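Colleague: I am new to this structure, so please take me closely through the pocket lining and what surrounds it, explaining the terms as you go.

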Amino acid sequence: MKRLLYCLSMLPMAALGAPFDTCPSKAFLVQGNTATLFGVNLVSGSYDTLAADLATNNKLNGFGFSVHDRYLYGWDYQSGGLARVGQEYEIEPLAATGFPSTNFYVGDVAVETNHYYAYRRGSGYGLYRTALDESDPLYLQAQRVIDGAALNLNIFDLAFHPTSNFAYSVDSNGFLHRIDVSDGSSSNIGNTGFSGTFGAVYFDVDGNFYISRNQDGHIFLVDITLQNETVLFAYGPSSSSNDGARCATAPIIDESEPASIDFGDAPDSYGTSLGSNGARHSVGDLYLGATVSAEYYPNDPDNDDGVQFITTLEKGLDALISVTSSKSGYLNAWFDWNNDGVFSEDEQAVESYTLSNGENRLLIDVPLTATSGTIWSRFRVSPQASVASTGGVANGEVEDYQVTTIDSGITMFQSSWQTTAFEDNWPEQGDYDFNDVVVKYRVSMSQKDNSVVRYRIEGELLAVGASYHNGFALRFNNILRSQVNEAMIRYEIDGQRQTSSPLEANRTEAIIIVFPDTRTIVPATNDCQYFRTSSTCQSQSTVPFNVTLPLLLGVDSNEVSLTTPSAFIFGVNGFYHGDYVDINNARSWEVHAKNSAPTEAFNAALYGQGQDDSLQSGFFQTQTGLPWALKVNANWQHPKEHIDLLQVYPQFTDFAVSAGLQNTTWFNFPKMQYAINNED
């Protein structure tokens, strides 16, 4: 059982714990209100617990490693003073004098001299220097270098440079400070570009400065001259309470220890070596394929086996790939589509895709603008969802592949953005506010020779002002369900790949169910009964979606076009949708644009009910020509809840009654006090 060691000044030094045998390459990180000590590999951000119990029931802070005697020193909150930790990982309070009656949470041990420095801002506190060498006449006697009002820095740790007597830190606003501990003066070198609480900061033997942010564990590499950009270096452990220490004269990689890192294999311009902050992972139980190799540096082992390209990469089309994972994890992938030697942010082809154990198949969208020929790609599997193409990660693997893109003869056509809005009281006119379902989308069409081979629809759900449960769908006119390559459909909502097929079953027509129930996509909250139909709920985020619909053999371009997909809403089975609708077959209720025929699922017995005059005047309109659905080729401002469309857009009546001959730009003249501004 560990002993609580206090009043150790009464004991001979031989009774204290032994120092560390070496100057370790791993960083020390202490966390928690009851101090727990971790060893952190700054290369990857991986960490392991060195000691869950440091023989204290309180914090240890102001942490530093002495290269002179190989002890860790810090401020022990339980004894209220300076303490040290040896290789047995027990706090040993020291009988230091001269400190004010307070706790210190910023500290380190100098490299040039064996002195511990503690800092706390504020008048009456400040920067204190304490000799740690027993032969020093001022041994364990704290001396104030400068008052905390004169050295007023909002910092949470500091670290000494390996070859100078300067200490460095980054404050909460991201400013880098150099402190001359001989007199306590400081220099603001400039801003790193990152803010937060940096509770653990470190140096390595090459003078590289690392700062760890408490709230997310991100470890940044800072050039202390700020001549180079500060970069996200690794993903480390997060905590509300961090303090770090490291042997500043140790290299960041210790080749006397077994290799534990997996690097990529692409040329170094893509970020491969440690010097270029290359992609790297601590070898663990998460990897691609059958094995993963550990190495000190990239060495092109040529054993990447986790990704198989099932189809060719044809420009303008989707490619099918197979990815094998050892366990559940997240996949991120990049392709250098423009072949410029870097993976840019807009070249990320897979983002935070959830892999399951075993084989996973997914689609890669090959841009029409991709360079033809051989390019590099990078795949990273990680235990965390979001990672960059560079930097270190604990666990996982990086695999780089050279792939070939080929010309497909594809021509791409794209529509402008359009907004569709629906009134869901059909066949009754209802409140006629046209905000029950509001969706903005645009259509892209890929054509090869005289055949259309793919559609892609991207958009966002703008508003749901309905009490009824409505689904939103797209019917592809003149395209049969049997003509669709269902296995290659790509379907995403709010950035998340959907595992179910959106292609409606048991239909002859090709019908894509984008939102099976808009009320479940944006459920009511205590503050907002409806979604973005009142001024107080306008700040809610819209819901993006995209659907790619590949066709098996293509469809004659004379039969289809950019206007082929037409939007409609439908009732959701099991939910009441008005007196005219069978609750068990609510799907048979639909609303389409004026003069647009319904799908094969529609119940024709609903025609002519209420204010509907479809059998006489044309589909889905009143006797005076008013519709229940609108399509506007503009960023339309939909009405607020229970505000009649005709009140918001007075010119619309003449437009509708004249069959679109008058007031053709009616949508440009809203009374904005009654509308939601979708341009914000």
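Modeller: When residues are sorted by class, Ala, Val, Leu, Ile, Met, Phe, Trp, Tyr, Cys and Pro count as nonpolar, Asp, Glu, Lys and Arg as charged, and the others, Gly among them, as polar. By that division, the lining of the largest pocket holds 15 nonpolar, twelve polar and 13 charged residues. The model is a predicted one, in which local features need pLDDT of at least 70 and side-chain atom pairs count only at pLDDT 80 or more, while totals for chains, interfaces and linings use all residues. Residues are numbered from 1 along each chain as its sequence is written, and side-chain values use heavy atoms, with hydrogens and water left out.

The largest pocket (an open set of points on a 1 Å grid where a 1.4 Å probe fits, with protein on both sides within 12 Å along at least five of seven lines) has a volume, taken as the space filled by probe spheres set on the points, of about 1,100 Å³. Its lining, meaning residues with an atom within 4 Å of a point, numbers 40 residues, and those nearest the centre are Ala 349, Leu 363, Arg 490, Glu 492 and Arg 497. Two or more lining residues come from each of strand 27 (348–355), strand 28 (358–365), strand 32 (410–414), strand 35, strand 37 and strand 38 (496–497), where a strand is a DSSP run of E with at least two residues and a helix a run of H or I with at least four. Strand 27 provides the largest share of this lining, seven residues.

The second largest pocket, with a volume of about 650 Å³, is lined by 30 residues, and Ala 593, Ala 629, Leu 630, Lys 631 and Val 632 are the closest to its centre. Strand 33 (418–422), strand 34, strand 41, strand 43 (629–632) and helix 4 (652–657) are the elements giving two or more residues to this second lining, and strand 43 gives the most, with four residues. By class, the lining of the second largest pocket has 17 nonpolar, eleven polar and two charged residues.

Some of these strands return in the largest nonpolar core (buried Ala, Val, Leu, Ile, Met, Phe, Trp, Tyr and Cys residues joined through side-chain atoms within 4.5 Å), where buried means under 20% relative accessible area. This core has 46 residues, and the members touching the most others are Trp 426, Tyr 455, Leu 461, Phe 472, Phe 476 and Ile 479. At least two core residues are supplied by each of strand 34 (437–448), strand 35 (451–463), strand 36 (470–480), strand 37 (490–493), strand 39 (509–515), strand 40 (543–556) and strand 41 (565–571), with strand 40 giving the largest share, six residues. Strand 35 and strand 37 thus appear both in this core and in the lining of the largest pocket, whereas strand 34 and strand 41 appear in the core and in the lining of the second largest pocket.

Leaving aside residues up to four places away in sequence, Ile 479 is in contact (heavy atoms within 4.5 Å) with Tyr 455, Val 484, Glu 509, Ala 510, Leu 551, Val 555, Val 560 and Thr 564. A second, separate core contains 29 residues, including Ile 146, Phe 198, Val 222 and Ile 224.

Methods:
Buried means under 20% relative accessible area, exposed over 50%, partly exposed in between (1.4 Å probe, protein chains only).
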